[in-house]
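Biologist: I am new to this structure and should be grateful for a close look at one part of it, namely the pairing of aromatic rings. Please then place that part among the helices and strands.

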Amino acid sequence: MGHWLATRRTVQHTDTIQRFDPRFWTVNFPRPAMASVVTTAPDALRVDAVFQKADDLIGLIWETEDKWDHPLLAYETKADYSRLTLSFRWRSSGVLPLDAVNGPTLTIEGRDAAGNPRAWYVRLWNYCTGTASDAQVTLPFSRLNGGFLLPSEADPVYPADIDRVFISLVPPDFAPGDATPFTTAQTGWVELSDVRCEGHRPMLEIGDVMVPPHGLSICTGYDDAYNLTPARILREARGLGYRGSITHYIGMSHFFPLAPDGVGGFMVNPALPAMNVAARAWHEGFFGHARALGFSVIASQSYEVLAQHCPAAWQQRGENGEAARTGWSPPSALLSPAHGEAMAWVRKVGVALVDMLHQADLPVRHQVGEPWWWVTQDRRICIYDDAAKAAFGGNPVSIPDLGASLNAAQKNLLDAAGALLAQSTADLAAAVKAAAGPAGAETLLLAFLPTVLDPATPEAHRANLPNGWASPAFDVLQLEDYDWVTTGKDALRKAGRAFAEARLSYPRDRQHYLSGFVLNATDAPAEWARIDAAASDAVALGVAETFIWALPQVSRDGFVRLPTNGGDEKMQSFDDVLFPLSLGRDASVTPEFSTNVTITASGFERRNSLWSDARLRFDVGPGVRSEAELGELIGFFRARRGQARGFRLRDPSDFSSNGMTGTPTPLDQVIGTGDGANARFALTKHYGEDSEAQRRRITRPRTESLRISVDGVETGDFTLEPLGFIALDVAPAPGALVRAGFVFDVPVRFAEDRLDISGAEFAAGEAPSVPLIELREDA
């Protein structure tokens, strides 16, 4: 498999959409308000709004530049709205009506004719016919005027340079600048139907790629996608080749209803429904649309809640009383598995997810996502909240440093914490199965190995990968290790999987793997390459499903998973066979570099070396010594299809790590330096000394010749991977030199698609010319 990071569309397929297509509107709002937008028909959308304060304002937005879609699927940017007319039917309830003083307003952001940034505020009521809650709205951009009263306050809109437009929605009791919480959240909705754009150039080009299915599935997260329509998200997933399952994380910040806490904030209230009306409308749309497209959805929930909305008593705490906090900004809090009310609320949310999956006629698949006892950066485990302390007997033993050597009592406490965590997840899974009824439910557990198996806290697994999770506690074990993937810590990845499999005993066909993610776009090139490779590794291991985490980052960075070539017969680029004839003394070997030499007007030279490594050319024709060997050469040439397939060649003048032809030793070539994490090193041979040495990648070593040492001590605890990579079983300590000795072959191909051989000339002793060219395999 391979991948591509697309930055823009070039020759890919396109289609057209009407400008203001309902699928591509978004919503935005300040917390703690909440809103969602879903499509209800090809020409219609609905916004559901939750207002918590008197000054809450929610925006329904159309952006000129597509900032959310994958580059291959985005619509084109056209800032000129001249001579366009947008029209729609407006229906609303629970929001300030069209004719009110602060009623729905179309804000247009762009530039005036002189190029100066500015905004216009267009009162929609000035362009309506009908009632204040059921009207036909017609907006001719070349004749639009901002201002409340027209024509006396008219402020003509300049339509030729617009960045975005948005419609503001506020509660009926709207009071600008008044942050007083409503006693009970106010809800409202707006529907735009029969949405039309007419006039000059009303259509936009949009990417219409359809990447062939590549066997991977995708993850989504509501916290990153709450502002988009479900139809838009699922269009992307399907267009990028993802099929089968979607792991959808409902998030930790936007799905729940809130109630005032009496001191100016808002808290999760277990007496309220599991989901606020906006989040429920969005998820009903998401599940239903996924079902229509043939996806199965795994509904994922975690033990996390945005800290500012999490009741204090529900939160895990360290021994010093500090609440557990993640590193996100703003941070989330971790729910204590010991707190009865918190866990009852978690089960309530799980049952609500089951209900929505049933409504969409989807199978019930429910994931408990990354449940754990939080461990702080200074290695303090947060198992000391009041509920947990009571569960552990009232005065649990102190564990000031989870990375220190622990005594029996401390280990017993960790085991007890693990048992309590396992019981809480078992209770959640049981609630889900009971709600699913006779049709049953698939339960899944997601474990994040870099945290629960962090080498800095070697006993953390007792609490955070408890034996109570062992098969058959869940139907499927999902593993995720992106911190190790993106930093190249392959030894930890390998050891972590082995430990989790041994401890929990889920066979590969009852495992899923989540590969990703890329936090910062600047790291995309290096990290997506590792994520793509890790996904391929998981497929090769035989896990049931492999997911990419997650769609928002896939879209941001333009990640494209490339499918394998179709067809029953695949042309191999390399045959791992040795050239059958020994090279005689007359065979030629020619190393070559590529150097750009520029001579200046004054006669000086400027030289630029274009290749860091020499490329070899051979002529093996002079090594053919008999008609039998000539026949063998012709047969070998035909089997390689001329230039089409590569093969191995033994270079008689340079085939060893020890000098050129010496017997290999484990100390011959330095191939890397340990950092305590990386265990994978590329075989190399160096020519020259110190910083001036030329480095040559060795991709075709002889397996039986390999000898490896770490800090001067030979080891057999390694695996030879394809293309000359050595994977040690244990990552070398920081500063430890890794050396290797080996015999190697050169990967080559025939330089031409024909062999010019004259029988008469050969009989007369004239050797044929058979040129070969070295292959680059270290990309």
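Modeller: A residue is called buried when its relative accessible area is under 20%. The model under discussion is a predicted one. By that cut-off Phe750, at 1% relative accessibility, counts as buried. Phe647 is likewise buried, with a relative accessible area of 0%. These two residues will return below as a pair.

The structure holds 30 aromatic pairs. One of them is formed by Tyr482 and Phe517, whose ring centres are 5.1 Å apart and whose planes meet at 10 degrees. Planes under 30 degrees apart count as stacked, and so the pair of Tyr482 and Phe517 is a stacked one. Tyr482 belongs to helix α9 (residues 482-486), whereas Phe517 sits in the loop between β27 (511-515) and α11 (524-541). The two residues are 35 apart in sequence, and so their pairing ties together separate parts of the chain. Tyr482 and Phe517 are both buried.

The rings of Phe647 and Phe750 also have their centres 5.1 Å apart, but their planes stand at 45 degrees. That angle is neither under 30 degrees, as for stacked rings, nor over 60, as for edge-to-face rings, and the pair of Phe647 and Phe750 is therefore tilted. Phe647 lies in strand β35 (residues 646-649) and Phe750 in strand β45 (residues 746-750). With their positions 103 residues apart in sequence, the pair links distant parts of the chain.

Aromatic residues also gather in a group. Phe20, Phe24, Trp25, Trp62, Tyr75, Tyr81 and Phe141 make up one aromatic cluster. Other rings have a charged residue over the face. Arg700 is placed over the face of Phe574, at 3.7 Å from the ring centre. Arg650 is placed over the face of Phe655, at 5.1 Å from the ring centre.

Two further aromatic residues lead to helix α13. This helix covers residues 627-639, and its 13 residues should span 18 Å at 1.5 Å a residue; the C-alpha atoms at its ends are 18 Å apart, which agrees. The buried residues of α13 are Phe636 and Phe637 together with Glu629, Leu630 and Leu633. These buried residues cover an arc of only 125 degrees around the axis, and therefore they lie on the same side of α13. Glu627, Ala628 and Arg638 are exposed on the other side of α13. After α13 comes Arg641, which has a positive phi, near 55 degrees.

The strands can be taken sheet by sheet. An open sheet of 6 strands has the order β4-β5-β15-β7-β11-β10, with antiparallel pairing. Its edges are β4 and β10 (128-130); each has a single partner strand, so one side of each is left without a neighbour in the sheet. From one strand to the next, the twist averages 25 degrees. Strands β4 (residues 34-41) and β5 (residues 44-53) run antiparallel and are joined by 7 bridges. A hairpin of 2 residues connects β4 to β5. Ala41 has Ala44 of β5 as its bridge partner, and Ser36 stands opposite Asp48 in β5.

A further open sheet has 5 strands in the order β3-β6-β14-β8-β9, again with antiparallel pairing. Its edge strands, β3 (26-28) and β9 (117-123), each pair on one side only. Here the twist from one strand to the next averages 25 degrees. Between β3 and strand β6 (residues 58-63), which run antiparallel, there are 3 bridges. Thr26 has Ile61 as its bridge partner in β6.

One last hairpin brings in an aromatic residue once more. Strand β38 (residues 684-687) pairs with strand β39 (residues 694-697) in the antiparallel sense over 4 bridges. Tyr687 has Gln694 of β39 as its bridge partner. The hairpin of β38 and β39 has 6 residues between the strands, and Gly688 in the turn has a positive phi of about 105 degrees.

Key:
Residues numbered from 1 in each chain as written. Predicted model: local features only at pLDDT ≥ 70, side-chain atom pairs only at ≥ 80, totals over all residues. Heavy atoms only, no water. Phe/Tyr/Trp six-rings, centres within 6.5 Å; stacked < 30°, edge-to-face > 60°. Buried < 20%, exposed > 50% of the residue type's maximum accessible area, 1.4 Å probe, protein only. Lys NZ or Arg CZ within 6 Å of the ring centre and 35° of its normal. Expected span 1.5 Å × (residues − 1). Arc of directions from axis to C-beta. Pairing = 2+ DSSP bridges. Axes fitted to C-alpha atoms, helices over the stretch in contact; angles between N-to-C directions.
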